[in-house]
Each structure stands twice: as structure tokens, then as C-alpha cells.
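Colleague: I should like to go through this structure with you, one topic at a time. Please let each reply close on the item requested.

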Amino acid sequence: MSQKTAEKKFMPDVPRKEIEELKNSITAASQKIIADNIDRMKKADPHRPEAMKYFDEMANLFGPRQKEIAAEKEKGKKVIGYMCLFAPTELILAADAIPVRVNSGWYDTSKLGDRVVPVEVCPVIRSTIGAKMIELSPFLEQSDALISVLTCDGMTKLAEILGDYKTIWGMNIPRIKDTTQSLRFWSDEIKHMKTQIENFTGNKITRKKLKQAIETSHKATKAFRRLQDLRKGSPVIMGRDAMLVNQTYLWDDKKRWTEKTEALCDELEKRLQQQDWVCPPDTPRVMVTGTPMFWPDNWKLPTLVEEASPQGIIVADELCSGERILNDPIGVDEWSMDDMLNSISERYLMASTCPCFTSKDGNEDRVNWLLNKVKEANIQGVIYYVVRGCMLYAMEYTRVKKALDKINVPVYYLDTEYTREDVGQMKTRVEAFLEMLTARVDF
Amino acid sequence: MITVGMDLGTQRVQVVIVKDGEVVARATVFSGFDPTKAAEQAVDEALKQANLKLSDINHFSSTGSAVDMAPYANSKVSMMGADAKAAVYLVPKARTIIDVGAEEARAVKCDEKGVMMDFVVNERCAAGAGAFIEAMARALEVKTEDMGPLALKAERASPINASCVIFGESDVVSLIHRQESKPEIARAVYDAMADRVSSMIHRLGINPEVVLVGGVAKDPGFVASLNRKLGLSVTIPEFPEYIGALGAALVAATRAKETSK
């Protein structure tokens with residue numbers, strides 16, 4: 001069921017030998033990059049929390065988690081992958097299946113994606129296509145089915161392309177979210193997804209199971225928010241470390257992740273009491289927003305900011321690969337099946353600040369979220385990060401800039417690609433921006 | 001107080017020495033393969049001009065794309081920060097600075113003290129920068145320095161696409177095939193560049209007074225096109241190509257004062 005044998009509609013037939021060669025060489029390169037990223041993160045904080053060790057291991061996409069999932073699959077569990085955060089992971093958990101997010105952060109595979117779609121297409125999409133072509137991504141390979149939410153143009157067509165290999169369930173997200181008819185429509189999508197997951201896994205999603213899954217999410221959200229709250233004051237954790245913790249949630253076991261994150265927060269609270277800062281408290285505080293940044297290759301911006309001279313620290317982000325993952329709890333009043341499903345629908349639709357939305361006031365929710373965060377986390381500057389081809393984020397920039405200009409918070413539009421070659425240029429820009437943030441006080 | 005500013009650019013290294021707020025020497029050396037060595041040479045030359053020794057210098061500051069390869073540097077400053085500092089020193093009313101160099105065009109907004117408040121850079125494309133003129137001059141078989149005067153002779157404009165150097169070049173070739181005159185093609189090149197640069201500036205918002213600096217500020221063809229496009233007359237200071245080095249030297253003076261406190 002997981003591997004389709006029918007004729008491929010998009011993908012070229014790549015010889016087995018070439019697939020193996022590319023897979024081996026890119027896997028080896030990727031493991032080096034993972035190790036290098038973690039090394040640099042260790043160097044950035046001489047008193048790096050003990051609890052980070054767990055997340056460093058979890059960060060190895062080819063490591064223990066892959067084996068763990070393989071063992072679960074042996075026992076008959078299904079893996080359900082997804083590309084957008086709108087996929088209702090609680091339904092997956094309630095059906096005793098494993099949710100994993102499968103977007104690719106590998107630079108090298110974006111070039112392989114060029115064999116299928118033009119270079120103008122967003123590199124997150126091209127790279128995911130390339131990763132599938134050479135079977136690079138353990139979690140994508142392990143997925144028995146994929147939930148594709150039709151948010152941007154890239155995601156919509158990516159689902160069709162991956163349909164050459166996998167069972168795809170599309171979810172139609174309404175683009176105008178704050179109307180009753182949209183919520184009703186989306187609620188039906190959620191209910192339909194429940195049926196699909198039940199039929200596919202052969203496991204009925206009972207009231208009790210769904211309640212447990214929602215409670216698992218609640219606990220994770222609590223730990224997640226605790227971590228983000230700890231970033232709001234003087235810095236006790238490097239931005240990169242927190243960002244990695246946030247992102248590992250996408251493939252880790254949810255309960256274990258929650259325990260480990262709580263343990264990390266315990267350590268950070270001690271640090272806070274001892275005023276043991278990871279960098280001087282007057283280090284410019286930066287928020288990142290825009291295109292999602294996926295581990296492991298696409299870690300260049302956080303690395304640049306925190307290794308720059310003058311140095312900056314990322315204390316918040318508005319990314320669907322970051323703080324958006326678990327920011328909002330599912331608000332349940334009564335634990336009836338209907339109420340739980342409605343609450344899930346509301347949480348996934350209304351709380352999202354994805355730029356795929358518009359409304360009477362445009363995507364006002366995102367602007368307000370950013371402005372609130374600026375105040376809460378005492379942000380001094382915002383980096384608006386966009387990869388070329390990422391239209392929705394690129395087009396919302398002007399509005400975000402106007403809103404930030406009003407409250408006198410500088411924002412810099414940084415556009416880049418899935419490549420390592422532009423790190424020098426990016427460094428110049430990032431350092432100029434950080435210099436500007438310090439200069440507003442300094443010279 | 002004697003300070004040195006070094007601008008390690010993609011094509012040239014420029015050095016400026018400032019003594020008690022006055023420029024006392026300027027020197028340029030081609031960057032070549034070893035920007036560090038080129039900068040050493042340029043510093044050497046500037047010191048000779050001003051009759052100074054290395055040990056007379058209170059503070060060295062560097063800027064430019066190869067900023068981290070600078071010799072002697074006590075500190076560094078971003079190219080945008082240097083632009084703002086130097087432009088306000090030369091033109092006190094300057095609030096928007098447009099800097100067009102060989103590989104990069106950028107615009108900086110600043111306050112009355114020359115502190116940068118916002119900036120924008122043409123990312124990942126040389127079509128709005130000096131290298132574009134060089135490529136187009138090759139296609140027209142004229143010297144780069146003759147392009148500007150040639151463009152001023154044009155009687156009308158013929159649009160080309162400057163989304164990219166490569167596409168721009170093929171557009172120029174089609175103009176050649178249509179047997180457009182050289183002056184008109186040269187003007188088309190500058191108009192296309194000015195288009196790119198001005199839309200970049202409009203995204204930032206223009207605060208008068210606008211100062212144009214960088215190597216391309218010396219090209220009359222580009223200046224004419226940009227003024228037409230922006231509907232204003234940009235101010236061009238003396239020695240616009242030394243703006244980065246001057247800015248670094250001025251920042252160096254501020255930093256030297258801070259450290260001696």
C-alpha cells in the first residue's frame with residue numbers, strides 16, 4: 001500500500017545505481033553537517049544544558065529515532081507523514097499511528113528537484129522532491145501515507161508529485177478563516193480525515209483515545225510554552241538550541257519529548273536564578289519570521305546571527321518550523337467526540353498565522369502576533385527570511401514592515417536559496433543589521 | 001587623532017587616512033587574488049602620501065566585502081554603516097545614501113548623526129551594479145568609461161530587461177540586431193539599471209537629501225538615468241568611490257575616543 005507501482009506522472013525513472021550513489025554520498029555529507037551544526041552550537045554556550053544531549057541525538061535524522069520508528073512499523077504501526085502544520089496530529093496519535101513532518105531541509109537535493117520542476121519553484125518543495133527521488137529522508141520513506149494541506153501553490157503540487165510514490169490525502173484549507181462557513185467546511189475536512197485515518201490504520205478513534213491524544217498535546221504545549229517563556233528575559237539558552245528543541249518535536253515521540261523539554265526548562269530556571277547568561281544581556285535580541293527553516297542544512301541564518309560580530313541572539317520566531325508548532329493549545333469544553341473534533345478544527349484553523357490566509361483585514365492575525373511578540377520578548381530587530389520562490393511570505397513583507405516601522409522596530413528582508421554559496425553575502429547583511437541594532441544606542 | 005579606514009571591495013581596496021577630522025590621504029590598489037596584501041600596499045601608499053608611519057595611527061577600521069581579511073584592523077564596520085557615517089560628514093543634510101559599486105547596489109537611510117536607520121541591498125544579482133555596465137560595454141565594443149558620455153548622446157529610450165546580467169546581455173544583442181544606435185543602447189543599459197536601483201529605493205522610502213556614492217557615481221550616464229527615474233537631482237560628493245574607506249576612518253576615530261576614555 002505504501003509504495004505505488006502505477007506509472008509515474010511526474011517523476012523521472014532514475015536508475016537504481018544512481019539513486020544508491022546519490023543517497024549514500026548525500027547521507028554522508030548530511031551527517032557531517034548535522035555534527036558540525038551541533039559542534040558549533042556547543043561552542044556557542046560553554047555551559048550548555050545537560051538536557052541538550054538528548055536533543056542532539058534526536059537531531060540525527062539518520063539516528064535512533066529512525067530505528068525506533070522502524071521497530072514500531074515491524075509491530076504493525078502505521079506512519080503518517082505531513083508537510084504542513086495543519087495536519088491534525090492528535091487524530092494520528094489517537095489511531096495509534098506515528099505522525100512525522102517530512103519537509104526537506106537538505107540543500108543538495110534541491111538540485112535533484114530541478115529535474116522535475118523549474119528552479120523558480122520554492123526550494124523547500126524542490127528539495128523535498130529531490131529527497132524522495134533518491135529515498136534520502138528516513139521519515140518520508142517510512143511514511144505509509146501523507147497528509148497534504150493545500151496551503152501554498154508549492155505544497156499543492158508537491159502532493160501530486162509525491163503521489164507518484166505514496167498514498168496522499170489532501171486537505172482543503174479555506175483561505176478566509178474568520179467566517180462560520182469556513183469553519184464548518186474545515187470541520188468537515190477534519191471529520192473526513194478522521195474516517196480516512198481510521199480506515200487506513202484499521203484502528204477506531206474512540207472518544208477515550210482522542211481525549212488521551214489531546215491531553216498529550218496539552219502537556220507538550222505546556223512544556224513548549226515554558227521554554228519560549230524562558231527565552232523572553234535575559235538569555236539563558238542560545239536561540240539555535242531552543243529552535244532545535246522545537247523542531248525535534250516534529251519527528252520525536254510526543255510524550256518523551258515533553259519530559260525532556262521539561263527537564264531542559266528545569267535546568268534553564270536554575271540558570272536564570274544564578275544569572276548565568278549565555279551571552280551578555282545587552283546582545284541584540286532578534287526575532288525571525290518568514291519561510292520555514294528545516295534542519296539540518298537550512299540552519300545557516302540562525303548560525304550566522306549567533307556567530308556574527310557583533311553577535312545577536314534569536315529569542316523568538318514566527319515560523320511554522322518553530323514557535324508555531326505548539327504555541328496554541330486545543331481548547332476543549334466537554335470531552336464529547338463532537339466537541340473534541342470541533343475544538344481541533346478551531347485550533348488548527350483559527351490559531352494559524354500562515355500567510356496563506358486572508359480576510360476582511362488581510363492576514364491581520366499574523367501582524368498582531370508579531371507585534372505582540374515584539375513587546376513580550378523585548379525584540380530589538382526582526383529578520384524577515386524568505387527563500388526565492390516563496391511567494392506568500394515575500395508578498396506579506398511590505399505590510400509587516402509598515403507595521404513594525406510604526407513601532408520603530410527595524411526589520412530586514414533577507415532573501416536566499418537552498419545553497420551554501422551565499423553565506424558570505426548573507427553574513428555582510430546580517431552583520432550590518434546587527435551593527436545597526438547596536439548603533440542605535442552606540443555610535 | 002589619526003585613524004585609517006580600509007574598504008576591501010570586490011575589485012579595489014581603498015584606504016583613507018583622517019587626521020583630526022580632515023582627510024589627509026587616499027589610496028587605491030586592485031584587490032586581485034590577495035586582498036590582504038593589496039590592503040597593506042594601499043595603507044603603505046597612503047602613509048607615504050601623508051608622511052606618516054604605522055605607529056602614528058591610533059585606530060584602524062575596515063569595511064567592504066572582504067572586511068575580515070583586512071590587515072591591522074582594530075575594529076570593523078558594515079558597508080552600510082560606513083556609507084551613512086561618511087555621507088553625513090561630506091553632505092550634512094544627507095538622509096538617503098545610494099551606493100552603487102561593482103557587484104552591489106544598496107541604499108541606506110540615516111539620521112542627522114550618520115547612524116544608519118534602515119538599509120536595502122540588491123540581493124543575489126549584479127544587474128543593478130557596475131559589473132552590468134562592464135558586461136554591456138563589451139557587447140557594444142566600447143570602453144567602460146566611454147559608455148556614459150555615449151548614453152548622453154541618445155535621442156530616445158529603448159527599454160531592455162535588466163532582471164539579470166545574462167538576460168540583459170541577450171536583450172542588448174537583440175537591440176544590436178534591430179540596428180539601434182550605440183548611444184541609444186547605452187542609454188537603455190543605464191535606464192534599466194536605474195530602474196532596478198530606484199525600485200529598490202522605493203521599497204525603503206526616500207528621505208531627502210539623496211546622496212549618490214560608490215564607483216558608479218562617477219558615471220554620467222548612470223547619474224542622468226537615475227535622476228530622470230527618481231525625478232530629483234542626487235548630490236554626488238567629491239571622491240565618491242572612497243566613501244566606504246572614509247566612513248571606516250571616521251568610525252575608527254569615534255572608537256578610538258571611546259577606548260581612550
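Colleague: Into which domains is chain B divided?

Modeller: This is a predicted model, and for chain B the mean pLDDT is 91, with 95% of its residues at 70 or more. One part of chain B joins two stretches, 1-91 and 239-261, while the other covers 92-236. The division of chain B is therefore into domain 1 (1-91 + 239-261) and domain 2 (92-236).

Colleague: Which helix gives the most to the side of domain 1 of chain B that touches domain 2 of chain B?

Modeller: The centres of the two domains of chain B, taken over C-alpha atoms, are 26 Å apart. Their contact draws on 15 residues of domain 1 and 26 residues of domain 2 of chain B. By class, the domain 1 side holds 8 nonpolar, 4 polar and 3 charged residues. With 8 residues, the element that gives the most to this side is helix H2 (residues 79-90) of chain B.

Colleague: How do the residues of the side of chain A that touches chain B divide by class, and how many are charged?

Modeller: The predictor assigns the complex an ipTM of 0.85 and a pTM of 0.92. In the interface, 12 residues of chain A are in contact with 15 residues of chain B. Helix H17 (residues 423-439) of chain A supplies the largest share of the chain A side, 7 residues. That side comprises 5 nonpolar residues, 1 polar residue and, as the charged group, 6.

Colleague: Which strands of the open sheet in chain A stand at the edges, and why is one side of each left without a neighbour?

Modeller: The sheet has 4 strands, paired in parallel, in the order S2-S1-S3-S4 (chain A). Neighbouring strands are turned against each other by 25° on average, direction ignored. Each edge strand has a single partner strand, so one of its sides lacks a neighbour in the sheet; these are strand S2 (98-101) and strand S4 (167-171) of chain A.

Colleague: Which residue in S4(A) is the bridge partner of A:Ile147?

Modeller: Strand S3 (residues 145-149) of chain A runs parallel to S4(A), and 5 bridges join the two. Within S4(A), the bridge partner of A:Ile147 is A:Trp169.

Colleague: At about what angle does helix H9 of chain A run to S4(A)?

Modeller: Helix H9 (residues 180-201) of chain A lies across three strands of chain A, namely S1 (79-82), S3 and S4. Relative to S4(A), helix H9 of chain A runs at about 165°.

Methods: Residues are numbered from 1 along each chain as its sequence is written. Chains are lettered from A and ligands numbered from 1 in the order in which they are written. This is a predicted model: local features need pLDDT of at least 70, side-chain atom pairs count only at pLDDT 80 or more; totals for chains, interfaces and linings use all residues. Two residues are in contact if their C-beta atoms, placed from the backbone, lie within 7 Å. Ala, Val, Leu, Ile, Met, Phe, Trp, Tyr, Cys and Pro count as nonpolar, Asp, Glu, Lys and Arg as charged, and the others, Gly among them, as polar. pLDDT is the predictor's confidence in each residue, from 0 to 100. Two strands pair if DSSP finds at least two bridges between them. Axes are lines fitted to C-alpha atoms, for helices over the stretch in contact, and angles run from 0 to 180 degrees between N-to-C directions.
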